Amino acid sequence: MGEVSLVDVSKQFTSRGSNPHTVFALRRVSFTIRDGEVAVLIGPSGCGKTTALRVAMGLEQASHGHVMVDGREVHGCGHDRGMVFQHAELLPWLTALQNVAFGLEMKGMRGAALHDTAMRYLELVGLKDSWNRRPHQLSGGMRQRVGIARALAIDPKVLLMDEPFGALDAQTRESLQVELLDIQARTGKTILFVTHDLDEAVLLADRVVVMRDGELQEIVDVALPRPRGDIGALRSSPEFGAIRYRIWQALHQAPAVVH
Amino acid sequence: MVDLAGQNLSLDAAVSRRAKRRPVPRWVITCATIAAFVLAWEIFGRDVNPVFGSYPSAIAVAGWELIESGELGKALLESVQPFVLAYALSIVIGVPLGLVLGRSRVAEAALGIFVTGAHAMPLVALVPLLVLWLGLGFWVKVAVIFLMCVFPIAINTWLGVKVVSKSLIEVGRAFVASDFVIMRRIVLPATLPYIMAGLKLAVGRGVVAMVIAEFFTAISGLGGIIINSANAFDTARMFVPIVVLMVLATLLNALVGAIEKRVAPWQAEMAAHD
């Protein structure tokens, strides 16, 4: 099982300084990601999508409302959720293998099992041969693969991904998108994925959660068959275009009523 | 056409000439300037009244006498022993202090001002008080050197912790690492380059502290030889421990640099890649 819900979550920040005022990063956001589903959070910068993900991870505490994983309320971070960071955030003094092992060690794994499990996940992301390299010896795409392996290795119920491919060049991004689809198909992981890239959203998602100004604008179903197959053909298909346009419309609707 | 061919020929020749000329290694240049400096000093130093100055060959002779009599070895030991102990103590206390200051808001607010204040204060001024407390022997030297070394180490560590990327700490939190594990596995390695820079600063300050302590407490060690020789107007002899101290401090700095490459190799590798 791997079902995550945000239940009536609000998050407010109080800005300090001469003119303190309260800003709502999230306002009464509720949604549920079903087991095995890929949900994409999309919206312009400052819409609260990353905050929603961070609240789901437990890195940020909700000012109101709560987070449920498989029907149980969770507080703070947990091994039931695995985080993939925007810029991979590998520990620069560790090798690729040690970076993957880091999460497992925190889960209490030791010895041969630790090594074997970390290696298996490096293999899953196609980096078995680079196990001994340090992050600065890896390309941006390879680093993010290690980041994905690190999060997957702890076998979380849900994978939370914060614009993981945003900083990569177009070709690397595309190959990682294909790979993520493949990994998701093999592992059946529930994934919550944040992006501001419309194509990426349609390509990866079962459902796209459109956000604006800290509020949930709309949830769009992506009725494309899985596996997604040849993504080049998929991208140019009319169905893809139609869904893409549907999300575009949701993003560009008249602003929500001012509270 | 002929002209053009001729030009090409000369260009080829120039390129091959340049390719053949190897750059002079850095150490050769360094050795040459040292040799030139020593030579100039030798030539012009001889004209100076031996009370007011000296020159390399006279210093070498004085140095040899000090070595033969065993005085230099004894003084070196007297100086190095408290230095090593005090330096080790400043690492053992300075690094954890810096880590705590950098990570704990309360500790920073409560103790930060004392650390910056003590670092800024001319600690030499405390020597008379330390002598009252600890006498004139070994321990007062340890105290003076410790006080001069511990603050640059603590402050550098503290500064290093402050600039550790928040995201790296979040990696620890996301994988449910305890505060202690985050400190040991993420903050400490990320801060190592700053700590090593602090250790290098502390070497310089520690050597200064060592000599000051030897001037103001029981006249002993390398500083003792300096004072006694100066009082006897034996300037050549006075220069011997100065040269030894300079070499010692340089070697210690090189040692810390070598340790840095061992414990934080990724830093040098990253710099080479950028």
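Which residues does A:V40 touch, not counting residues up to four places away in sequence? I started my notebook there, keeping in mind that this is a predicted model.

**Entry 1, around A:V40.** I found A:V40 touching A:F193, A:T195, A:A201, A:L204, A:A205, A:V208 and A:V209, with residues up to four places away in sequence left out.

**Entry 2, the core.** I then looked up the largest nonpolar core and found that it has 134 residues. A:V40 is among those with the most contacts inside it, together with A:L192 and B:I145. I noted that this core draws at least three residues from each of two domains of chain A, namely domain 1 (4-80 + 159-252) and domain 2 (91-155).

**Entry 3, a sheet in chain A.** Next I traced an open sheet of four strands in chain A, and I read its order as β2-β1-β4-β5 with antiparallel pairing. I see β2 (21-33) and β5 (72-74) of chain A at the edges; each has a single partner strand, so one side of each is left without a neighbour in the sheet. On average, neighbouring strands here are turned by 35 degrees against each other, direction ignored.

I checked one pair in detail: β4 (residues 64-69) of chain A joins β5(A) in the antiparallel sense over three bridges. In that pair I find A:V69 opposite A:R72 of β5(A). Helix α1 (residues 49-57) of chain A packs on the sheet, where I see it touching β1 (4-15), β2 and β4 of chain A. The direction of α1 makes about 115 degrees with that of β1(A).

**Entry 4, over to chain B.** I looked up the UniProt record, an unreviewed entry, which places "domain: ABC transmembrane type-1" at residues 76-256 of chain B. I get 87% helix and 0% strand for that span, and its end C-alpha atoms lie 20 Å apart.

Technical notes
Residues are numbered from 1 along each chain as its sequence is written. Chains are lettered from A and ligands numbered from 1 in the order in which they are written. This is a predicted model: local features need pLDDT of at least 70, side-chain atom pairs count only at pLDDT 80 or more; totals for chains, interfaces and linings use all residues. UniProt positions are given in the numbering used here, feature names are shortened, and annotations may be inferred rather than shown by experiment. Helices (H or I, at least four residues) and strands (E, at least two) are DSSP runs, numbered from the N terminus. Two strands pair if DSSP finds at least two bridges between them. Axes are lines fitted to C-alpha atoms, for helices over the stretch in contact, and angles run from 0 to 180 degrees between N-to-C directions. Two residues are in contact if their C-beta atoms, placed from the backbone, lie within 7 Å. A nonpolar core is a set of buried Ala, Val, Leu, Ile, Met, Phe, Trp, Tyr and Cys residues joined through C-beta atoms within 7 Å. A residue is buried if 20 or more other C-beta atoms lie within 10 Å of its own, exposed if 12 or fewer, and partly exposed in between; C-beta atoms are placed from the backbone. Domain bounds come from an automatic or database domain assignment.
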